[in-house]
Amino acid sequence: MQNLHKIKQDMCDIGRRIYDRQFAAANDGNITVRVSENEVLCTPTLHCKGFLTPDDISLVDMTGKQLSGRKKRSSEALLHLEIYRQREDIKSVVHCHPPHATAFAIAREPIPQCILPEVEVFLGDVPITKYETPGGQSFADTIIPFVNRTNVMILANHGTVSYGETVEQAYWWTEILDAYCRMLILAKQLGGVSYLSGEKSQELLDLKEQWGYKDPRNTPEYENCDICANDIFRDSWADSGVARRAFPAPPSLKPSADVGAKNGMPAGVTEEALVKAITDEVMRQMRQN
């Protein structure tokens with residue numbers, strides 16, 4: 001039988017760590033733990049996560065209805081509940097606004113891969129969801145395309161959400177992500193980033209599999225993907241408004257990569273086609289004037 005008071009204490013501890021790391025200002029963020037098939041412990045709305053007590057934690061069902069607790073549950077609980085519905089293995093969800101990762105959310109800049117070993121092993125490709133107004137089911141639904149292929153997401157123009165088997169583990173992914181985003185920003189100020197080679201990147205993926213961490217790049221579905229090029233979630237970028245602006249694409253690891261891509265042009269676009277497209281647009285503009 002689970003000790004609910006101990007779980008509530010753990011949630012309060014993570015709340016303090018989130019606040020102390022400046023991952024949540026004022027009453028930002030929320031934490032949940034699933035304690036049964038239909039019951040979830042949830043932090044309250046309008047309450048600083050750095051000063052929670054076990055008595056502040058409410059109990060809700062899987063529809064979001066509050067079952068007990070002296071304070072109203074978080075208004076963004078539906079996002080957490082959707083993750084639990086999609087992933088039966090998940091027992092805890094943490095949402096907050098870590099500043100460096102949230103900077104990538106605001107810029108809608110994809111997280112570069114094959115740079116830091118720990119990130120390859122613990123995180124992998126990190127998606128950025130489509131923006132939706134927080135609080136409702138439409139906001140919760142933005143995680144559905146990604147939730148089964150990762151344990152951490154960047155919420156466009158909002159923050160992060162991470163999840164795991166315990167509240168401690170759920171928080172870890174957020175802390176790792178924000179530390180990495182801070183390193184990327186600092187490296188950019190120094191001039192840029194250096195990518196690992198394909199061989200060394202594959203070694204990390206092999207270690208990841210040996211240690212029991214799942215990664216789509218280690219599955220048959222993605223066996224021909226470019227492991228450093230955000231291939232897992234790149235198809236979602238256009239819909240989410242994500243594009244490389246601050247960091248260049250890594251060198252292609254595909255021998256058959258399109259020549260245009262090697263020269264900085266989109267894959268499948270020849271130089272002749274690009275010149276023709278530019279010429280046609282110039283002529284169109286001239287006719288309008």
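Phe122, Leu207, Trp211 and Tyr213 together make a nonpolar surface patch of about 360 Å². Keep in mind that this is a predicted model. One member of the patch, Tyr213, sits in the loop between α7 (198-210) and α8 (237-240). Tyr213 counts as partly exposed because its relative accessible area is 32%, and a residue needs over 30% to be part of a patch.

Now for the opposite case, a residue with no accessible surface to speak of. Thr160 belongs to strand β7, which covers residues 159-164. Its relative accessibility is 0%, so Thr160 is buried. What does Thr160 touch, leaving out residues up to four places away in sequence? The list runs through Val94, His95, Cys96, Pro98 and Ala101, then Met153, Ile154 and Leu155, and ends with Thr174 and Leu177.

On to the charged side chains. Opposite charges can pair up when the charged atoms of the side chains come close. The count here is 14 salt bridges, and three of them are worth laying out, including their N to O distances:

| Salt bridge | N to O distance |
|---|---|
| Asp13 and Arg17 | 3.4 Å |
| Arg85 and Glu82 | 3.1 Å |
| Asp215 and Lys208 | 2.8 Å |

Take the Asp13 and Arg17 pair to start with. Both residues are in helix α1 (residues 4-20), and because they are four residues apart, about one helical turn separates them. Asp13 is partly exposed at 30% relative accessibility, and Arg17 is partly exposed too, with a relative accessible area of 24%.

The Arg85 and Glu82 pair is also found within a helix: the two are three residues apart in α2 (residues 77-86), about one turn of the helix. Buried or partly exposed: which word fits Arg85, and which fits Glu82? Arg85 has a relative accessible area of 39%, so Arg85 is partly exposed. Glu82 has 7%, so Glu82 is buried, given that buried means under 20%.

That leaves the pair with N and O atoms 2.8 Å apart, Asp215 and Lys208. Both Asp215 and Lys208 are buried. This pair is also part of a network: salt bridges with shared partners link Glu120, Lys208, Asp215 and Arg217.

If you're browsing the model, Tyr213 is a handy place to look at the nonpolar patch, Thr160 shows you a buried position in β7, and Asp215 leads you into the salt-bridge network.

Terms used
Residues numbered from 1 in each chain as written. Predicted model: local features only at pLDDT ≥ 70, side-chain atom pairs only at ≥ 80, totals over all residues. Heavy atoms only, no water. Patch = residues over 30% accessible without salt bridge, like charges linked within 9 Å, V, L, I, M, F, W, Y side chains within 5 Å. Areas by Shrake-Rupley, 256 points an atom, 1.4 Å probe, with all protein chains shown as cover. Salt bridge = Lys/Arg side-chain N within 4 Å of Asp/Glu carboxyl O. Buried < 20%, exposed > 50% of the residue type's maximum accessible area, 1.4 Å probe, protein only. Contact = heavy atoms within 4.5 Å.
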